[in-house]
Amino acid sequence: MEYDCSFVADAVTDGRISTAEDVLEAHSKDEGPHKPHRPDVVVWPDSVEEIAALLTEANERSVPVTPWSGGTSIEGNPIPVAGGIVLNTYEFDEITVRNDDLQAVVGPGVVYDDLNAVLAPHNLRFAPGIAAGDIATIGGMIANNASGLNAVRYGVTGDHVLRLEVVLPDGRIIECGRDVPKSTAGYNLKDLFVGSEGTLGVITEATLSLEGIAQHRHAALVTFPSSVAASQAVSTIMASGLKPGALEFMDTQLVELLNDYNNDADFPVGPLC
């Protein structure tokens with residue numbers, strides 16, 4: 001089904017709109033194996049007010065809107081399965097570091113590695129590590145509640161989100177959460193948007209809690225006689241009071257595949273942590 005999206009030109013200024021074939025194709029899929037669906041138009045708003053105006057008009061006309069940031073998901077979340085409008089927030093890349101508060105206020109288009117590069121001179125970092133950190137954005141990480149190797153110690157993305165600014169589907173702009181670690185301010189609306197994959201609103205700003213950068217790092221690879229033994233070792237480590245920064249498990253088949261794929265890899269074949 002095609003939608004009449006001509007109203008978009010009145011909501012977004014400076015012609016930051018495209019119906020070019022290559023642009024529609026690029027925004028029809030993510031990095032996963034899912035079937036692509038082309039939108040009718042792609043829009044790059046440059047303010048919260050423009051997003052609000054766009055969603056207001058789209059809501060009144062029942063035109064679907066799919067938020068888009070880095071497009072690096074493998075889950076199919078950014079694919080505009082119903083067509084309509086793709087709302088690209090990639091240019092919302094502002095970063096404000098609150099060094100004394102151990103916080104950063106960021107736009108949804110900020111790339112994970114770029115944020116940590118800005119934080120590094122302050123000896124701070126946004127801790128939830130992800131494999132696609134060089135291209136994944138904070139908006140996408142929040143929308144998917146992304147996590148990686150560091151989750152065992154630092155938790156997932158949502159554990160570090162303190163406050164959100166969100167534009168609702170009808171164009172209303174709300175703030176939820178508080179930029180303090182402890183608060184009893186009523187309903188925890190913030191966590192409804194974390195992991196909602198853009199279905200409840202468009203995230204336009206986030207306040208994140210930060211961690212200090214460890215002065216020393218050590219890594220170890222250990223081969224175990226069985227997967228059960230490896231799992232028991234992890235449980236023993238956690239129960240001892242030690243807090244490893246990351247833990248990863250590979251079973252025997254995965255180790256064999258890694259050795260076959262990488263000529264420089266020569267890991268002992270067996271469950272590996």
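This is a short dialogue about the two largest pockets of a predicted model.

The model is predicted, so local features need pLDDT of at least 70 and side-chain atom pairs count only at pLDDT 80 or more, while totals for chains, interfaces and linings use all residues. Residues are numbered from 1 along each chain as its sequence is written, and side-chain values use heavy atoms, with hydrogens and water left out.

Student: What makes a space a pocket and not a cavity?
Tutor: On a 1 Å grid over the protein atoms alone, a cavity is a set of points where a 1.4 Å probe fits but cannot get out, whereas a pocket is an open set with protein on both sides within 12 Å along at least five of seven lines.

Student: How much space lies in the largest pocket?
Tutor: About 850 Å³, where a volume is the space filled by probe spheres set on the points, and grid points are joined across faces, edges and corners.

Student: Why are H218 and A219 called lining residues of the largest pocket?
Tutor: Lining residues have an atom within 4 Å of a point; H218 and A219 are among the 27 that line this pocket, and among the closest to its centre.

Student: Which helix gives the largest share of that lining?
Tutor: Helix 8, with three residues; helices (H or I, at least four residues) are DSSP runs, numbered from the N terminus.

Student: How do you know which classes line the second largest pocket?
Tutor: Ala, Val, Leu, Ile, Met, Phe, Trp, Tyr, Cys and Pro count as nonpolar, Asp, Glu, Lys and Arg as charged, and the others, Gly among them, as polar. The lining therefore divides into 14 nonpolar, 15 polar and two charged residues.

Definitions and conventions. Helix = DSSP H or I, 4+ residues; strand = E, 2+ residues; numbered from the N terminus.
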